[in-house]
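Here are my notes on the model you passed along. Have a look at it first, then see whether the points below match your own reading.

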Amino acid sequence: MPTALQALPAADTPPAYFEWDDATRPRLPQSRPLGSFDLVFSPYQTTTMVRTDRGWTRDLAEPDGFVARTVIALPVDQVLADYVDPGGYDVPIALTEGRGSGWMAHGGRVSDIRWTKKSADGRWRFSTPEGDPVPVPPGRVYLALLPSTTGSLVPGAAG
């Protein structure tokens, strides 16, 4: 049975969202060991990521089975939508155009990266702080868009 993407006509295939690495054993430049880390969205919301033998997973009271080979965390600016959610709370919208810094974790290591994106529907491009390209390792990716005013990556145990 074909997957949904395979069933689409060629003209309707969405463009790649990242620049992918074609290496079978990708390595992050200037990386440091990391066994866990916190993705801090705000003083009230933090997601802890832990390394397993299969990749990175969220540390949840009831695990959901999601495992990512790569985690990309990017602080981005946000604006508020002109509506509220059903609970009456403001709805943030992440602004993904522009450039900034962030982190890429893969294989028990993390690297500082820079990002650029020309438009909301454009492709993310990552580089080292020195400007060398950093393609995304193949496999499942967890992309965390952290508010630039309150977001951060806080290292936990070393890998």
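The points below cover strand pairing and then a surface patch.

1. First, a caveat: this is a predicted model, so please read everything here in that light.

2. I'd start with strand 9 (residues 109-117), which pairs with strand 1 (residues 32-33) in the antiparallel sense over 2 bridges. If you want a residue to click on, R32 has V110 of strand 9 as its bridge partner.

3. Strand 9 also runs antiparallel to strand 8, and here 9 bridges join the two. Towards one end of your checks, look at G98, which stands opposite K117 in strand 9.

4. Strand 8 and strand 9 form a hairpin with 2 residues between the strands. What sign does phi take at G107 in this hairpin? It is positive, near 60 degrees.

5. Strand 10 (residues 125-127) is another partner of strand 9: the two run antiparallel and are joined by 3 bridges. Within this pairing, R114 has S127 of strand 10 as its bridge partner.

6. Now the surface. V79, I93 and L95 make up a nonpolar patch there, and together they have about 200 Å² of accessible area. L95 sits in the loop between strand 7 (90-94) and strand 8 (98-106), so that loop leads into the strand that pairs with strand 9.

7. Why can L95 count towards a patch? Patch residues need over 30% relative accessible area, and L95 has 32%. That makes L95 partly exposed.

Key:
Residues numbered from 1 in each chain as written. Predicted model: local features only at pLDDT ≥ 70, side-chain atom pairs only at ≥ 80, totals over all residues. Heavy atoms only, no water. Patch = residues over 30% accessible without salt bridge, like charges linked within 9 Å, V, L, I, M, F, W, Y side chains within 5 Å. Areas by Shrake-Rupley, 256 points an atom, 1.4 Å probe, with all protein chains shown as cover. Salt bridge = Lys/Arg side-chain N within 4 Å of Asp/Glu carboxyl O. Helix = DSSP H or I, 4+ residues; strand = E, 2+ residues; numbered from the N terminus. Buried < 20%, exposed > 50% of the residue type's maximum accessible area, 1.4 Å probe, protein only. Pairing = 2+ DSSP bridges.
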